[in-house]
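Please look through the structure shown below before reading on. The paragraphs that follow go from the contact between the chains to the strands within one of them, and end with the salt bridges.

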Protein chains: 2
Amino acid sequence: MYYNKFIEKIKKFDVITIFRHINPDADAFGSQLGLKYWLNLNFPEKEVYVLGDENSNDDFFPKMDVISDVLIEQSLAIIVDSATSERIDGNYNKASYIIKIDHHVDVDPYGDLNIVEVKSAATCQLLAKMFFSFEEYKMNKNIAETLYRGLLTDTLAFKTSNTTSESLLIASKLSEYGLDIPQLNRDMFDKSLSEFIFSSKLRSKLQLSKDKKLGYVIMNLDEVNNSGLEAHQIRSNVSEFNAIKELEIWCVFTQKIENNQILYDGSLRSKTIVINELAQKFNGGGHKNACGVKDLTKEDLNIIINELTLLSSK
Amino acid sequence: MYYNKFIEKIKKFDVITIFRHINPDADAFGSQLGLKYWLNLNFPEKEVYVLGDENSNDDFFPKMDVISDVLIEQSLAIIVDSATSERIDGNYNKASYIIKIDHHVDVDPYGDLNIVEVKSAATCQLLAKMFFSFEEYKMNKNIAETLYRGLLTDTLAFKTSNTTSESLLIASKLSEYGLDIPQLNRDMFDKSLSEFIFSSKLRSKLQLSKDKKLGYVIMNLDEVNNSGLEAHQIRSNVSEFNAIKELEIWCVFTQKIENNQILYDGSLRSKTIVINELAQKFNGGGHKNACGVKDLTKEDLNIIINELTLLSSK
């Protein structure tokens, strides 16, 4: 079993570097730092570094380390939560041995050892499961809390279709380490007042198809510029419309100007209808029920709204 | 152990009546029906009735039974999720033997047998735990789903302070019966478009104390009357403000006219500050972090907003 191989490699190296994907989310940070804390607890003699350019704004995911390439070369590199080598943030490929730990489809098994479990809702879930399988190694509150954060966010609080009985079981075992469950939920999901006020404004701009199965918002250039947010941050607020009974599909489009041309980008979501095939026709793609489109002309925008109206009514 | 006593009594009676509290929530319905389905599965020879006046609007909690008092008199009555005898919906006290099954503080042990576990986040959690403890009895998807609904709502999707590792463990075991987790979450938490539009309007009316630690909404009589909702339904939308980082306390007040006097009722919530002691001074009460006040004059309203401002700033 690859869990034993993982331990074998850990024992072999004095220096361990932990990488994750660019644009890190809480599962990337959580699995990176949870792994670091676990190694610190169980292998205190090892030098362990967490690497990557971007830092989280959140206090609960501390800053990354900065080290020389020479150290990386000596190291065992462990990459967490990155499906492809392209998305890895840092010079992981200089390392002596590479372990990939991930829960996405293994299209790019870039590791010398690949620990990939696609049924895991989060890399944090996979790591916790592996750690719990080792009877000889310890767990503590700090590790448990860090992994819980990632599991919580990748399942949107145990609500998404990737949430399994194993996700809930792992959450249960982690919470036994004295976790403050309501506080962890607040940390990961609460919004600032300014975010709240913006999202309320976005909600008020919802337009509906005739049968109310499609809902969409179009934010024009002025509204985008006055929001104090990046366009992609505005579009991520598409989740404001997640919990409306009538809607089958919902989207947020933002206007932009590129090369003197007015264009639109969009984030699309659906309950169960497959929408990424349509998105692919409009310079986009993603998951079946969560995807994006970009660089639409006004005409494209009208076409895609019509197409989505038809899809939503099926 | 009282679980064995429970089985002993079930075996003894041919007729079993299941009661719950008035103004039933999903935990009341879920535990009532989950228990019925479990009895139907494991004791198919018994007559089992679910009783209570109000019916749920939700398709997933079917209608109640209507039976004669004579049948109740012959029956074993099981009352779920009701802390006090006052709140029980129906003539349970005519029954031959009474079992109370609940997770609230046992201020009123009205049962001949009282199965009360206050550490349980939901009566559905307690029932599931009891059912899983019986190796000789079966569970199925229908029972598991019904209990999961109650557990989900009483913990607000595993977020409240009553959520424990046991809650998550029970959820994990229930979900093994092939539950559709995202669908169950949608069933219990999605809002209709009209509810969504109303809550967006309520959000836009948020007022803040100077340091932004108190947030409150006052809905005047016209707004209440035009909402198409009962005043208590408006106040239950106080949960719209649950997830704002800055707020320590948040409230919704609704205006009413009684005996030609303008008065206000309110729903108050806090993250961690104890607010029910203040509520008790204004004809109200409830839990430490979730309580209500009623029949406030305009002057009372100003006083309580000042008091809450002070409390929130501590």
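How much area is buried between chain B and chain A, and what part of that area do carbon and sulfur atoms give? In this model, which is predicted, the area buried between the two chains is about 3,400 Å², and carbon and sulfur atoms give 63% of it. On the side of chain B, the residues that lose the most area to chain A are B:Leu193, B:Phe196 and B:Arg203, which together make up 20% of what that side buries. The contact itself draws 41 residues from chain B and 41 residues from chain A.

How are the two copies placed relative to each other? A turn of 180°, with a shift of 0.0 Å along the axis, lays chain B on chain A with an RMSD of 0.1 Å. The two copies are therefore related as by a two-fold rotation axis. The same surface serves both copies, since 100% of the contact residues of chain B recur in chain A.

The polar side of this interface can be described pair by pair. Between chain B and chain A the count is two salt bridges, and one of these joins A:Glu240 to B:Arg203, with the closest N and O atoms 3.8 Å apart. B:Arg203 thus appears twice in this account, as a partner in that salt bridge and among the residues of chain B that lose the most area to chain A. Twelve residue pairs are in polar contact across the interface, where both residues have pLDDT 80 or more. The elements that give two or more residues to the side of chain B that touches chain A are α6 (165–175), α7 (181–189) and α8 (193–204) of chain B. By residue class, that side divides into 16 nonpolar, 13 polar and twelve charged residues.

Within chain B, attention can turn to a sheet. Six strands of chain B form an open sheet in the order β6-β7-β8-β9-β11-β10, and the pairing is mixed. Its edge strands are β6 (207–208) and β10 (285–287) of chain B, each of which pairs on one side only. Strands of a sheet pair through backbone hydrogen bonds, either parallel or antiparallel. The parallel sense is found between β7 (residues 214–219) and β8 (residues 249–258) of chain B, which pair over six bridges; here B:Leu214 has B:Ile249 of β8(B) as its bridge partner.

The antiparallel sense is found in the pairing of β9 (residues 261–270) with β11 (residues 290–296) of chain B, which five bridges join. In this pairing the bridge partner of B:Leu268 is B:Cys291 in β11(B). Strand β11(B) is also joined to β10(B), again antiparallel, by three bridges, and B:Cys291 is the bridge partner of B:Gly286 as well. A hairpin that passes through two residues connects β10(B) to β11(B).

Salt bridges can also be followed over the whole structure, where a search finds 32 of them over all chains. One of them brings together the side chains of A:Arg20 and A:Asp89, at 3.3 Å from N to O. This pair links distant parts of the chain, as A:Arg20 lies in strand β1 (residues 15–20) of chain A, whereas A:Asp89, 69 residues apart from it, lies in the loop between β3 (76–80) and β4 (97–102) of chain A.

How values were computed. Residues numbered from 1 in each chain as written. Chains lettered and ligands numbered in written order. Predicted model: local features only at pLDDT ≥ 70, side-chain atom pairs only at ≥ 80, totals over all residues. Heavy atoms only, no water. Pairing = 2+ DSSP bridges. Helix = DSSP H or I, 4+ residues; strand = E, 2+ residues; numbered from the N terminus. Least-squares fit on C-alpha atoms with pLDDT ≥ 70 in both. Contact = heavy atoms within 4.5 Å. Buried area = accessible area lost by both parts, 1.4 Å probe. Salt bridge = Lys/Arg side-chain N within 4 Å of Asp/Glu carboxyl O. Polar contact = N/O pair within 3.5 Å; in protein donor to acceptor, adjacent residues only side chain to side chain. Nonpolar A, V, L, I, M, F, W, Y, C, P; charged D, E, K, R; others polar.
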